[in-house]
Amino acid sequence: FAMTSAGGELKWRYQGGVVINPTIAISGGKLLFVECRHPEVKALSTSRIGSPKLWENQYLVALDAQTGAKLWEQPLDTADGVVVFYLLAADNKVVIASSAAGKYNLYAFSATEGKSLWQATHNWPNDNHGGHMQHPVLVRNTVFQEPCGYDATTGKLLTSEVGRHGGCATYAATANALIYRGEGGRVAMWDMA
């Protein structure tokens, strides 16, 4: 839903499937998210969904952020995001990261119509919350998901040597560097060049 910032009046409301919260993003005037339309999941009385049905009957959806009108939707079939399931959007691209079974699975789509652009898979750097619960970063047409960087348009692997963080932090980015918790908890930077 959307509300006015001044008075808090409801501007619009969307009701479809169960929206997966960490997939909500906004870019280019579009509100983007993944929703599950499985009847059993929609009928649950709680938002704590432990059912494997969450990974069935999914759709990638784009709404007009001002009006709530549905712009497009695409059926979605990704690896189950048992560990994490994130979506990010920028520069007319939508990227979904799914983490499970020792792998990160990345899926890229056009934000214009939801057309699939590419997908890639690589191994977790570690089997703990610091190694398999990382949020991807999209900067200057590169998607970074530790330890790899991919061309956001083509999916071509650009590097598999992204700086290794220490502990359970995730990356932040500037236009030219990734910033993260390095060895011994120190602030570290990895130059994208």
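**Entry 1: Thr142**

I looked up Thr142 and found a relative accessible area of 13%. Because the limit for buried is under 20%, I recorded Thr142 as buried. The model I am reading is a predicted one. Thr142 belongs to strand β13, which covers residues 142-145. I then listed what Thr142 touches, setting aside residues up to four places away in sequence: Val137, Gly149, Tyr150, Ala152 and Leu158.

**Entry 2: the cores**

Two of those partners led me to a core. Tyr150 and Ala152 are among the 13 residues of a second, separate core, which also includes Leu88 and Leu106. I turned next to the largest nonpolar core, which has 20 residues. Which residues have the most contacts inside it? I noted Leu32, Val34, Leu60, Leu87, Val94, Ile96 and Phe109. The elements giving two or more residues to this core are the strands β5 (30-36), β6 (58-64), β7 (70-76), β8 (84-90), β9 (93-100) and β10 (103-110).

I took Leu60 as an example. Not counting residues up to four places away in sequence, Leu60 touches Phe33, Val34, Trp72, Glu73, Gln74, Leu76, Leu87, Val94, Ile96 and Phe109.

**Entry 3: Val41**

I asked whether Val41 is buried or exposed. Its relative accessibility is 3%, so Val41 counts as buried. Val41 sits in helix α1, residues 39-42. Leaving aside neighbours within four places in sequence, I found Val41 in contact with Val18, Cys36, Ile49, Lys53 and Leu54. I also checked one long separation: Val41 and Arg164 are 123 residues apart in sequence, and their C-alpha atoms are 37 Å apart in space.

**Entry 4: the whole chain**

I counted the elements of the protein chain and found two helices and 18 strands. The radius of gyration is 17 Å, close to the 16 Å that the globule rule gives for 193 residues, so I noted the chain as being as compact as a globular protein of that length. Along the principal axes, the C-alpha atoms fill a box of roughly 45 × 35 × 35 Å.

Of the 193 residues, 48% count as buried. Among contacts with a separation of 6 or more, 41% join residues 24 or more positions apart.

**Entry 5: surface and charge**

I read the exposed area of the protein chain as about 10,000 Å², with carbon and sulfur atoms supplying 50% of it. I finished with the charges: the chain has 16 positive and 16 negative side chains. The centres of these two sets lie 3 Å apart.

Note on methods: Residues are numbered from 1 along each chain as its sequence is written. This is a predicted model: local features need pLDDT of at least 70, side-chain atom pairs count only at pLDDT 80 or more; totals for chains, interfaces and linings use all residues. Side-chain values use heavy atoms; hydrogens and water are left out. A nonpolar core is a set of buried Ala, Val, Leu, Ile, Met, Phe, Trp, Tyr and Cys residues joined through side-chain atoms within 4.5 Å. Buried means under 20% relative accessible area, exposed over 50%, partly exposed in between (1.4 Å probe, protein chains only). Helices (H or I, at least four residues) and strands (E, at least two) are DSSP runs, numbered from the N terminus. Contact means heavy atoms within 4.5 Å. The radius of gyration is taken over C-alpha atoms; the globule rule is 2.2 Å times the number of residues to the power 0.38. Accessible areas come from the Shrake-Rupley method with a 1.4 Å probe; for residues, only the protein chains shown count as cover. Lys and Arg count as positive and Asp and Glu as negative; His and the chain ends are not counted. The place of a charge is taken as NZ of Lys, CZ of Arg, CG of Asp or CD of Glu.
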